[in-house]
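Open the model in your viewer and set the display to cartoon, with side chains hidden for now. The stops below are given in the order in which to select them.

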Amino acid sequence: MMLSIRQLQSGYGRIQALHGIDMDIEAGEIITLIGANGAGKTTLLMTLCGKPRASSGQVFFDGEDITHLPTHEIVRRGIAHAPEGRHIFPRMTVLENLQMGAVVTPPKYFADDLERILALFPRLHERLDQRGGTLSGGEQQMLAIGRALMSRPRLLMLDEPSLGLAPLVVRQIFQIIREINRDQKVTVFLVEQNAFHALKLAHRAHVMVNGKITLSGTGEALLADPAVRAAYLEGGNVAFDRTERRA
């Protein structure tokens with residue numbers, strides 16, 4: 001098992017956001033986590049990266065307990081995070097942003113890694129000397145993913161990569177995620193509100209409600225689940241059943 005999460009709890013001060021999360025991710029998978037705003041999805045990814053710290057529970061990566069490691073050590077072990085809102089460096093050029101992603105890897109890999117990323121994102125190749133803040137939303141998302149990939153991760157965590165993007169760009173982003181998983185053999189943990197695209201892409205998926213995993217199954221099974229469709233695919237006006245179950 002690549003990543004194992006056991007009874008993970010986390011939050012902000014007195015506000016508890018995660019309530020005993022259990023999850024496993026195997027090498028080579030695309031795992032999707034869906035849920036409403038405020039469900040705790042982003043907090044889970046951030047806790048896996050060390051900020052905020054878990055208040056209890058454990059996280060294992062390749063059998064090693066990484067729960068209390070500093071963030072840079074977690075990255076060195078092969079976990080990369082492209083956060084919600086992209087958070088690129090707007091005053092830096094595209095190339096400088098990609099260089100920042102490579103700070104944890106030996107310099108001898110930089111040229112090959114840069115070539116690989118620019119082949120994956122040809123638009124970035126055209127804008128290497130352009131400041132990140134002047135890129136379109138879709139291009140900034142490509143840059144955020146590319147920067148994360150420059151750390152040579154084995155597990156790539158993506159938080160809302162389709163947020164605020166036009167439908168055509170969303171399809172491009174999801175196709176790129178598929179290629180990263182299939183061609184570069186990178187395991188993907190995808191947090192996404194676009195449930196339709198996310199579940200179509202996923203090997204396995206989970207639904208989070210109020211800091212708890214309430215439903216787990218294959219992406220195909222959750223896509224066909226009436227409760228999931230009512231809550232996340234058909235207008236999202238139906239409260240999701242919080243009873244924990246498997247599809």
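Select helices α3 and α6 first: α3 passes α6 in a right-handed crossing. This is a predicted model. Helix α3 covers residues 94-101 and helix α6 covers residues 137-149; their axes come within 7 Å and cross at roughly 35 degrees.

Now show side chains at the crossing. Which residues make the contact? From α3 they are Val94, Asn97, Leu98 and Gly101, and from α6 they are Leu143, Gly146 and Arg147. Sorted by class, the contact has 3 nonpolar, 3 polar and 1 charged residues.

Next, select the open sheet of 4 strands. Its order is β2-β1-β4-β5, and the pairing is antiparallel. The edges are β2 (15-25) and β5 (64-65); each has a single partner strand, so one side of each is left without a neighbour in the sheet.

Stay with the sheet and pick β1, residues 3-12, which pairs with β2 in the antiparallel sense over 8 bridges. To find a position in this pairing, label Ser10, which stands opposite Leu18 in β2. Then add helix α1, residues 41-48, which packs on the sheet and touches β1, β2 and β4 (56-61). The direction of α1 makes about 110 degrees with that of β1.

For the last stop, go to helix α10 (residues 226-233) and select Val228 within it. Is Val228 buried or exposed? Its relative accessible area is 0%, so Val228 is buried. Add Val207 to the selection: Val207 and Val228 are 21 residues apart in sequence, and their C-alpha atoms are 8.4 Å apart in space.

How values were computed: Residues numbered from 1 in each chain as written. Predicted model: local features only at pLDDT ≥ 70, side-chain atom pairs only at ≥ 80, totals over all residues. Heavy atoms only, no water. Pairing = 2+ DSSP bridges. Helix = DSSP H or I, 4+ residues; strand = E, 2+ residues; numbered from the N terminus. Contact = heavy atoms within 4.5 Å. Axes fitted to C-alpha atoms, helices over the stretch in contact; angles between N-to-C directions. Left-handed = near helix turned anticlockwise from the far one by under 90°. Nonpolar A, V, L, I, M, F, W, Y, C, P; charged D, E, K, R; others polar. Buried < 20%, exposed > 50% of the residue type's maximum accessible area, 1.4 Å probe, protein only.
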